[in-house]
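Good morning, and thank you for coming. I would ask everyone to look at the sequence and the model together while I speak.

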Amino acid sequence: MRETAYAKINLALHVRRRREDGYHELETLFAFVDAGDVLTAAQAAQDSVTTLGEFAAVLDNPFDNLVARALNALPRPQGLAVTLEKNLPVAAGLGGGSADAGALFRIVEALHGLPDDWPARAAKLGADVPACVLSRTHIGLGTGTEQLDVEDDLARTPVLLVNPRVPLSTGPVFKAWASVGDGADRGALPEGPASKIAREGRNDLEAPAISLCPVIAEVLAALQATQPWLARMSGSGATCFALYDTAEARDAAQAAMPSGWWTMAGRLR
């Protein structure tokens with residue numbers, strides 16, 4: 001079996017109140033690109049995970065590999081030999097590991113079905129994993145694990161992803177949001193279809209991420225110079241995205257990016 005682990009982007013990400021458990025309430029508009037990592041799987045006597053691709057070397061800890069952890073989280077009558085082609089940068093705001101786990105859930109679903117409590121099992125692997133199992137445009141609430149449907153008028157929109165090849169972990173960005181920034185609650189997501197939420201929303205982690213990784217501002221400036229109808233950072237960075245009216249405009253923008261940056265062109269699912 002072959003399954004794409006679709007790159008996750010946050011078209012908008014609003015950080016709200018701090019919860020008693022130390023996490024912050026989030027409101028985000030998830031969307032997914034029709035490209036990403038690729039998982040292939042075959043039934044086997046026991047589970048195994050082989051990693052290859054441009055960013056495979058970064059996944060050097062087998063105990064922290066979300067595909068292996070997802071295999072352990074799902075009951076099955078026999079093992080799976082999984083090969084992960086790692087095309088997405090790590091610690092990049094694209095939900096790469098979560099997308100990989102989500103793809104593994106879909107493989108197991110096709111082969112054996114999923115247990116009724118699969119959302120809880122997915123959430124234990126990471127806040128973005130339930131969203132990545134679905135891999136469709138929707139609103140995420142709480143820590144991102146609660147899903148709400150939204151009118152999706154953005155399907156097939158041309159999108160360009162750009163990463164300066166600088167990893168950026170989520171924890172320090174949230175700390176910078178509280179310390180470097182003012183940590184203020186600037187309000188809820190707008191209401192309406194996905195396009196309205198994306199246009200009128202914001203990413204509250206963008207400024208603190210730039211304070212830690214200034215090249216993000218250069219990426220955003222480079223994207224904005226290509227005249228997309230929206231350019232924004234995804235998640236906690238450092239990947240940024242731009243949405244275009246045509247594939248030709250997107251492809252021209254990709255060609256204009258510095259050669260040292262990672263790029264991926266696609267469409268929203």
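Let me begin with a definition: two residues are in contact when they have heavy atoms within 4.5 Å. Please also keep in mind that this is a predicted model.

With that definition, we may turn to Leu230. Which residues does Leu230 touch, if we do not count residues up to four places away in sequence? They are Ala198, Phe241, Ala242 and Leu243. Leu230 itself belongs to strand E8, which covers residues 230–233. Is Leu230 buried or exposed? A residue counts as buried under 20% relative accessible area. Leu230 has 8% relative accessibility, and therefore it counts as buried. For a distance within the chain, take Leu230 and Arg186: they are 44 residues apart in sequence, and their C-alpha atoms are 20 Å apart in space.

Shortly after E8 there is a feature of the backbone to point out. The loop between E8 and strand E9 (240–243) contains Ala238. The peptide bond that runs from Gly237 to Ala238 is cis, and its omega is near 5 degrees.

On the other side of E8, the loop between helix H8 (215–224) and E8 holds Gln227. Gln227 is not a glycine, yet its phi is positive, near 60 degrees. The relative accessible area of Gln227 is 72%, so this residue is exposed. Within helix H8 we find Ala217. Ala217 has a relative accessible area of 34% and is therefore partly exposed. The C-alpha atoms of Ala217 and Glu206 are separated by 9.0 Å, and the two residues are eleven apart along the chain.

A positive phi also appears at Arg165, which is likewise not a glycine; here the value is about 65 degrees. Arg165 is in the loop between strand E7 (158–163) and H5. Its relative accessibility is 40%, so Arg165 counts as partly exposed.

Arg165 leads us to Glu54. What does Glu54 contact, leaving aside its neighbours within four places in sequence? The residues are Lys86, Arg165 and Trp262. Glu54 sits in the loop between strand E3 (48–52) and H1. With a relative accessible area of 49%, Glu54 is partly exposed, because the class of exposed residues begins over 50%. Between Glu54 and Gly95 there are 17 Å in space, C-alpha to C-alpha, for a separation of 41 residues in sequence.

Gly95 brings us to the largest pocket. Its volume is about 1,200 Å³. How many residues line the largest pocket, and which of them lie nearest its centre? The lining has 49 residues, and Gly95, Ser98, Ala127, Asp128 and Thr170 are those nearest the centre. The elements that each give two or more residues to this lining are strand E1 (2–18), strand E2 (24–44), helix H1 (66–73), helix H2 (96–112) and helix H5 (170–179). The largest share comes from H5, with five residues. By type, the lining of the largest pocket has 19 nonpolar, 19 polar and eleven charged residues.

Since H5 has been named, let us look at one of its residues, Ala176. Ala176 has a relative accessible area of 4% and is therefore buried. Ala176 and Val90 are 86 residues apart along the chain, with 20 Å between their C-alpha atoms.

Finally, I turn to the chain as a whole. It has nine helices and ten strands. Why does its radius of gyration agree with that of a compact globule? A compact globule of 269 residues would have a radius of gyration near 18 Å, and the chain has 18 Å, so the two agree. Along the principal axes, the C-alpha atoms fill a box of roughly 50 × 45 × 35 Å. Of the 269 residues, 53% count as buried. The accessible surface comes to about 11,600 Å², and 49% of this belongs to carbon and sulfur atoms. As for contacts between residues at least 6 apart in sequence, 75% of them join residues at least 24 apart.

To close, I return to our starting point: Leu230, a buried residue, touches Ala198 as well as Phe241, Ala242 and Leu243. Thank you for your attention.

Note on methods: Residues numbered from 1 in each chain as written. Predicted model: local features only at pLDDT ≥ 70, side-chain atom pairs only at ≥ 80, totals over all residues. Heavy atoms only, no water. 1 Å grid on protein atoms, 1.4 Å probe; cavity = no way out; pocket = protein on both sides within 12 Å on 5 of 7 lines; lining within 4 Å. Points joined across faces, edges and corners; volume = space filled by probe spheres on them. Helix = DSSP H or I, 4+ residues; strand = E, 2+ residues; numbered from the N terminus. Nonpolar A, V, L, I, M, F, W, Y, C, P; charged D, E, K, R; others polar. Rg over C-alpha atoms; globule rule 2.2 N^0.38 Å. Buried < 20%, exposed > 50% of the residue type's maximum accessible area, 1.4 Å probe, protein only. Areas by Shrake-Rupley, 256 points an atom, 1.4 Å probe, with all protein chains shown as cover.
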